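Welcome! Here is a short tour for anyone meeting this structure for the first time. Take a look at the sequence and the model, then read on.

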Amino acid sequence: MEKRLFTSECVTTGHPDKVADRISDSILDACLAQDPDSRVACETLVTTNFCCVCGEITTKANVDYEAIARQVIRDIGYTRPEDGFCADTVEFQCRIHTQSPDIALGTNDHVGGAGDQGMMFGGACNQTPEYMPLAGAVARALTNRLTQMVQENPYLRPDGKAQVTVEFDEAGRPTGVETVVVSIMHSPEFAIENLRQYVKEMVIAPVLAGYHFDMRDVDHIYINPTGKFVVGGPAGDTGLTGRKIIVDSYGGYFCHGGGAFSGKDPTKVDRSAAYATRWVAKNIVAAGLARQCEVQVAYAIGVAKPVSIMVDTFGTGVVADEKIEQAVEKVFDLTPAAIIRDLDLRKPIYRKLAAYGHMGREDLGVKWENTDRVDALKAAVAAL
């Protein structure tokens, strides 16, 4: 039988794009902490010894954008001038202005509409206990472990990434890990042979064991394939907010909507509705209505009710997808105001989401990971 393979990747918090995401979300959190009604669309660019924060922010909060950016860079681990990007020496520029009044008009309390048009997706499957696709979950665990090792090993640096290929059977069930790719920035003194052995023993083996796989059964393992990764971080590659949208969601296993998440307050449905559709999809799978599920919603700017809701169970549903759609509309209020209320999105919870994905984060206690509508969904389907 031919192998059916699927691959996902994840990156560490020191990846240039994730540095940018974390700065943007840290500024969002600082605004929300003082003014929960802040309107924030914050974008960050980082490159060699340079950081620029720009975008639209309307808030009553008093926020020191530069101090936040430097602290984020320091916390991530860019504290050495020789790395070409250092918290104490980076040049900082700020180009923040207020939100467009035309956009604000559609999202005020009287209208309660979406902050923009667009479509958003959420997904869930039963491949892991947190209802996430296996390839992305393993890649995320690998990069999380890499960051732990960076904090413990003085020869490692913050920039890194991992890629995992999972093999599936004809029924779409994962059967094993076929390929693992890991790249991690390091000091010139860390010999490549020693680094590769270290990553195998300290990163790959324990992470795979946590998912009940043996590293010895993996067909291909690549660690720093070029043999050298000394120049990295923003000095090696420019970083931008919102450029790792697949890492942020489902590793490509499910669709992604038209917008990124980081730096946006919850009136932006790019963010809040993506969380809501994850909540819906996870409850559908947790209710046993399907083994795999993808939910799409779409909005018009200034209009509260979604213009469409779609449920696709990829043939794994126990009832017709149309029935599940009807149940979803009865059980979930997917207007922006209700999403913000039900998922408690005006709190400063976003900085920690800026790395290792926004979905499946049961470790953070975010409400879109709750399976609190399972019984209501079952009852709504039974009543149809």
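A good place to begin is cysteine 54, which stands opposite arginine 95 in S4. Please keep in mind that this is a predicted model. From that pair of residues, the tour moves through the neighbouring strands, then to another sheet, a threonine and a pair of helices.

**Strands S2, S3 and S4**

- Strand S3 (residues 50-58) and strand S4 (residues 91-97) run in the parallel sense where they pair, and seven bridges link them.
- S3 also pairs with strand S2 (residues 39-47), this time in the antiparallel sense and over nine bridges.
- Within that antiparallel pairing, threonine 44 has valine 53 of S3 as its bridge partner.
- S2 and S3 form a hairpin with two residues between the strands. Asparagine 49 in this hairpin takes a positive phi near 45°.

**The sheet of S1, S6, S7 and S8**

- Four strands make up an open sheet, and their order across it is S1-S6-S7-S8. The pairing in this sheet is mixed.
- Why do S1 and S8 each have one side without a neighbour in the sheet? Strand S1 (4-11) and strand S8 (220-223) are at the edges and have a single partner strand each, so one side of each stays free of a neighbour in the sheet.
- On average, neighbouring strands here are turned by 15° against each other, with direction ignored.
- Strand S7 (residues 174-186) pairs with S8 in the parallel sense, over four bridges.
- Valine 181 can be found opposite tyrosine 222 of S8.

**A closer look at threonine 165**

- Threonine 165 belongs to strand S6, which covers residues 156-168.
- Is this residue buried or exposed? Threonine 165 is buried, as its relative accessible area is 8%.
- The side chain of threonine 165 makes a polar contact of 2.7 Å with the side chain of threonine 7.
- Leaving aside residues up to four places away in sequence, threonine 165 touches several others, among them Leu5, Phe6, Gly176 and Val177.

**Helices H4 and H5**

- Helix H4 (residues 134-152) packs against helix H5 (residues 192-210) at an angle of about 140°, and their axes are 9 Å apart. That angle makes H4 oblique to H5.
- The crossing in which H4 passes H5 is right-handed.
- On the H4 side, the residues making the contact include Val138, Leu142 and Met149. H5 contributes residues including Tyr198, Met202 and Leu208.

Terms used: Residues are numbered from 1 along each chain as its sequence is written. This is a predicted model: local features need pLDDT of at least 70, side-chain atom pairs count only at pLDDT 80 or more; totals for chains, interfaces and linings use all residues. Side-chain values use heavy atoms; hydrogens and water are left out. Two strands pair if DSSP finds at least two bridges between them. Axes are lines fitted to C-alpha atoms, for helices over the stretch in contact, and angles run from 0 to 180 degrees between N-to-C directions. Buried means under 20% relative accessible area, exposed over 50%, partly exposed in between (1.4 Å probe, protein chains only). A polar contact is a pair of N or O atoms within 3.5 Å; within protein, one must be able to donate a hydrogen and the other to accept it, and residues adjacent in sequence count only if both atoms are side-chain atoms. Contact means heavy atoms within 4.5 Å. Angles under 35 degrees count as roughly parallel, over 145 as roughly antiparallel, 65 to 115 as roughly perpendicular and the rest as oblique. A crossing is left-handed if the near helix is turned anticlockwise from the far one by less than a right angle, and right-handed if clockwise.
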